[in-house]
Every structure is written in structure tokens, then in C-alpha cells.
Amino acid sequence: MQGMGGDDCPFAFNFDASTFKVGDTVSYRVTGDPMFEGMPFAGELVEVHDDFVVIAADASDPSVRYRGTRESRPEVEFTQI
């Protein structure tokens, strides 16, 4: 991550929910569990709808998909994890 003494972040995130498209990398948050509150996660958008997105959260396992809110940093409910 930037500013932590190493190289720049290897991800190019899209933080503009109005331009989300399949294949974009997003930073998402998990809500509903104190252990995950505030932690950033990265995933790829596999579906984009008017009011939600579907995020592929594990590149090595395509079955791991989470439904998230459609906002600059989508929120995923902990119950999906």
C-alpha cells in the first residue's frame, strides 16, 4: 500500500459506483462483525446491477461470490462470508 515503505498498491481500484462495470477491481468492506469492521478487501466485479453488485472475492475459487451494495466501496454483509 502507498506510504507504507513498499511499492505502490498493485490494484487499480474503481471507486466511482456510477461507472462500475464487469471486470473492475473494487475495494469492499464487510459489515456486521466487529472483527472485520474497517478492514479493506479487494475483489473483481462479476455482475453490476442498478442497486447492487456481485463481487468475486477469491481469484483461486470462482464460486466465492458476495452480493454488495452499489457504492464507492461496496458493503458485504458478514452473513455471506
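How many of the five residues of strand S3 (residues 52-56) are buried? In this predicted model, the count is five of the five, so S3 is largely enclosed by the rest of the structure. The two sides of the strand can be listed separately: Phe-52, Val-54 and Ala-56 point one way, while Val-53 and Ile-55 point the other way, and all of them are buried.

As for the neighbours of S3, there is a strand to name on the N-terminal side and another further along the chain. Strand S2 (residues 41-48) pairs with S3 in the antiparallel sense, with four bridges between them. The connection from S2 to S3 is a hairpin of three residues, and Val-48 has Val-53 of S3 as its bridge partner. Strand S4 (residues 65-69) also runs antiparallel to S3, this time with five bridges. Here Phe-52 is matched with Thr-69 in S4. Taken with the side-chain directions, this puts two residues of S3 in context: Val-53 is the bridge partner of Val-48 and points the opposite way from Phe-52, whose own partner is Thr-69.

Zooming out, the protein chain has five strands and zero helices, so its radius of gyration is worth a look next to the globule rule: the value is 13 Å, close to the 12 Å the rule gives for 81 residues, and the chain is therefore as compact as a globular protein of that length. From the N terminus on, the elements simply read β-β-β-β-β. The C-alpha trace spans about 35 × 30 × 25 Å along its principal axes. Of the 81 residues, 28% count as buried. Among contacts with a separation of 6 or more, 36% come from residues 24 or more positions apart.

On the surface side, the accessible area of the chain comes to about 5,200 Å², and carbon and sulfur atoms hold 52% of that. The chain carries 6 positive and 15 negative charges, and the mean positions of the two sets are 4 Å apart.

Strand S1 (25-31) is another covered element. Five of its seven residues are buried, so S1 too is largely enclosed by the rest of the structure. S1 and S2 run antiparallel and are joined by four bridges, with Ser-27 partnered by Ala-42 in S2. S1 also pairs with strand S5 (residues 75-77), but in the parallel sense, over three bridges. In that pairing, Thr-31 has Glu-77 of S5 as its bridge partner.

Val-26 gives a residue-level view of S1, the strand in which it lies. Its relative accessibility is 0%, so it counts as buried. Leaving aside neighbours within four places in sequence, Val-26 is in contact with Phe-13, Asn-14, Phe-20, Phe-41, Ala-42, Gly-43, Leu-45, Ile-55 and Pro-74. One of these, Ala-42, is 16 residues away in sequence, and the C-alpha atoms of the pair are 5.7 Å apart. Ile-55, also in the contact list of Val-26, is one of the buried residues of S3.

The loops tell another story. Gly-38 sits in the loop between S1 and S2 and, with a relative accessibility of 64%, counts as exposed. Gly-38 is 10 residues from Tyr-28 along the sequence, with 9.7 Å between their C-alpha atoms. Asp-50 is found in the loop between S2 and S3. At 78% relative accessibility, Asp-50 is exposed as well.

Asp-50 also leads to a part of the chain that comes before S1. Its C-alpha is 10.0 Å from that of Ala-17, although 33 residues separate the two in sequence. Ala-17 belongs to the segment before S1. With a relative accessible area of 17%, Ala-17 is buried, because the cut-off for that class is under 20%. Another residue at a comparable sequence separation is Asp-51, which is 34 residues from Ala-17 and 10 Å away, C-alpha to C-alpha. The contacts of Ala-17, without its neighbours within four places in sequence, are with Arg-70, Glu-71 and Ser-72.

Terms used:
Residues are numbered from 1 along each chain as its sequence is written. This is a predicted model: local features need pLDDT of at least 70, side-chain atom pairs count only at pLDDT 80 or more; totals for chains, interfaces and linings use all residues. Side-chain values use heavy atoms; hydrogens and water are left out. Buried means under 20% relative accessible area, exposed over 50%, partly exposed in between (1.4 Å probe, protein chains only). Two strands pair if DSSP finds at least two bridges between them. The radius of gyration is taken over C-alpha atoms; the globule rule is 2.2 Å times the number of residues to the power 0.38. Contact means heavy atoms within 4.5 Å. Accessible areas come from the Shrake-Rupley method with a 1.4 Å probe; for residues, only the protein chains shown count as cover. Lys and Arg count as positive and Asp and Glu as negative; His and the chain ends are not counted. The place of a charge is taken as NZ of Lys, CZ of Arg, CG of Asp or CD of Glu.
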